[in-house]
Amino acid sequence: MSGNRWEIAGGNHVVAALPVKPALRAGLACAVMGLVLGTAAKEYITAPKAGAIKPPTEEWVARIESLAPGKPTAVPAKPRKVLVFSLATGFKHTVAPHVKEVAKVLAEKSGAFEVVLNDDIAVFEKGSLAQYDAVLLNNVCPDRERRDVFWDVLKEDDKAAAYEANLLDYVAGGGGLVVIHGAIAFQNNSAAVSEMIGGSFDWHPKFQMVTLDLVDPVHPLVGGFEGKGFVHQDEPYLFKNAYKEKSFRPLLEMDVSKLNAETLEKKAVADGVKYVAWIKPHGDGRVFYCSPSHHPASYETEAMLRFLLDGTQYALGDLRCDDSPMIK
Ligand SMILES: [Zn+2]
């Protein structure tokens, strides 16, 4: 492709385009390329460049407000309440405050749900969880020693196990669970939690440009991407344990061939398709996992904001769609 490279422009609306050529000529070139290659050129939405992560400013929140969907994708069956839990006992993601703001904006602007922010571990008491239609785990990263957020706070095996069981029962009983980025590790050594979420965290190479493709461009949960892929700076997350079973409906996959050379040398990355976002039922409840993103810039796109809204509406039970496993 050298000499005839596709360039990706910045901003929200865009896509692959030939550099400095009139639209008509570019269109013809696309058609010819398509004929020659037998495929249509892929289009990508590109997130703004990720710089150093600073706490969310009023301007940042206003930008998110301007890009967020103005109405829910599915009409809520009843008023919905989502608990956003953002406690980290291990690595503290600097993006966590941004994710809180994103959740608040999505709730307020779309009207799809109400958000309650609470980082008190006691929210995992049975009676407390019952108040919520879904729980959103925002970068809930455990200490590396045990990888058990409940134990990190409670320091008691029985109580930690009881809180984990409460959450498992809550989802199996019909609750929703949204897991964002590092939160997949919150009970990383628990087989039951791995099975509920659809995997556990394994490792990630250094952050780099990551190209995501839609697994099924017509699946309702990826409607915000309008058939295009997504390019952004992120940590390419890789998973283990229940992930091997692929007992979920994958939504976004990494184009592994575009990861950097240092990463590609590692066998664990080089083999096969790597999913980074998916949905799955768990008992009578529903789970939405979204690995993107480590950087606030990735949320500064209409596509990613709509994706988070839609995934949350799926977890709430309002956005019904095919969540049967799709092995690839
Ligand atoms: Zn991260």
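Which residue of E10 is the bridge partner of Tyr-44? The partner is Gly-229, and this pair is a good place to begin our walk. The model is a predicted one, in which local features need pLDDT of at least 70 and side-chain atom pairs count only at pLDDT 80 or more, while totals for chains, interfaces and linings use all residues. Residues are numbered from 1 along each chain as its sequence is written.

The Tyr-44 bridge belongs to the pairing of E3 with E10, which is parallel and has 3 bridges. Strands here are DSSP runs of E with at least two residues, helices are runs of H or I with at least four, and both are numbered from the N terminus. Two strands count as paired if DSSP finds at least two bridges between them. On E10 we also meet strand E9 (residues 208-214), joined to E10 by 5 bridges in the antiparallel sense; here Met-209 has Gln-233 as its bridge partner. E10 is largely enclosed by the rest of the structure, because 5 of its 6 residues are buried. A residue is called buried with 20 or more other C-beta atoms within 10 Å of its own, exposed with 12 or fewer, and partly exposed in between, the C-beta atoms being placed from the backbone.

Now let us step back to the whole sheet. It is open and mixed, with 10 strands in the order E3-E10-E9-E12-E13-E14-E7-E6-E4-E5. Its edge strands, E3 (44-46) and E5 (114-117), each pair on one side only.

Next come the helices. Helix H3 (residues 96-110) lies across E4, E5, E6 and E7, and runs at about 150° to E5. Such angles run from 0 to 180 degrees between N-to-C directions, with axes fitted to C-alpha atoms, for helices over the stretch in contact. Helix H10 (residues 302-316) packs on the sheet too, and its direction makes about 160° with that of E14.

For a closer look at the edge, take Val-115, which sits in E5. Val-115 is partly exposed, with 19 other C-beta atoms within 10 Å. Beyond its neighbours within four places in sequence, its contacts (C-beta atoms, placed from the backbone, within 7 Å) are Val-82, Val-84, Ala-103, Lys-104 and Ala-107.

Finally, turn to the largest nonpolar core, with 89 residues, where Leu-136, Leu-137, Val-179 and Val-287 touch the most other members. Such a core is a set of buried Ala, Val, Leu, Ile, Met, Phe, Trp, Tyr and Cys residues joined through C-beta atoms within 7 Å. H10 provides the largest share of this core, 9 residues.

How values were computed. Two residues are in contact if their C-beta atoms, placed from the backbone, lie within 7 Å.
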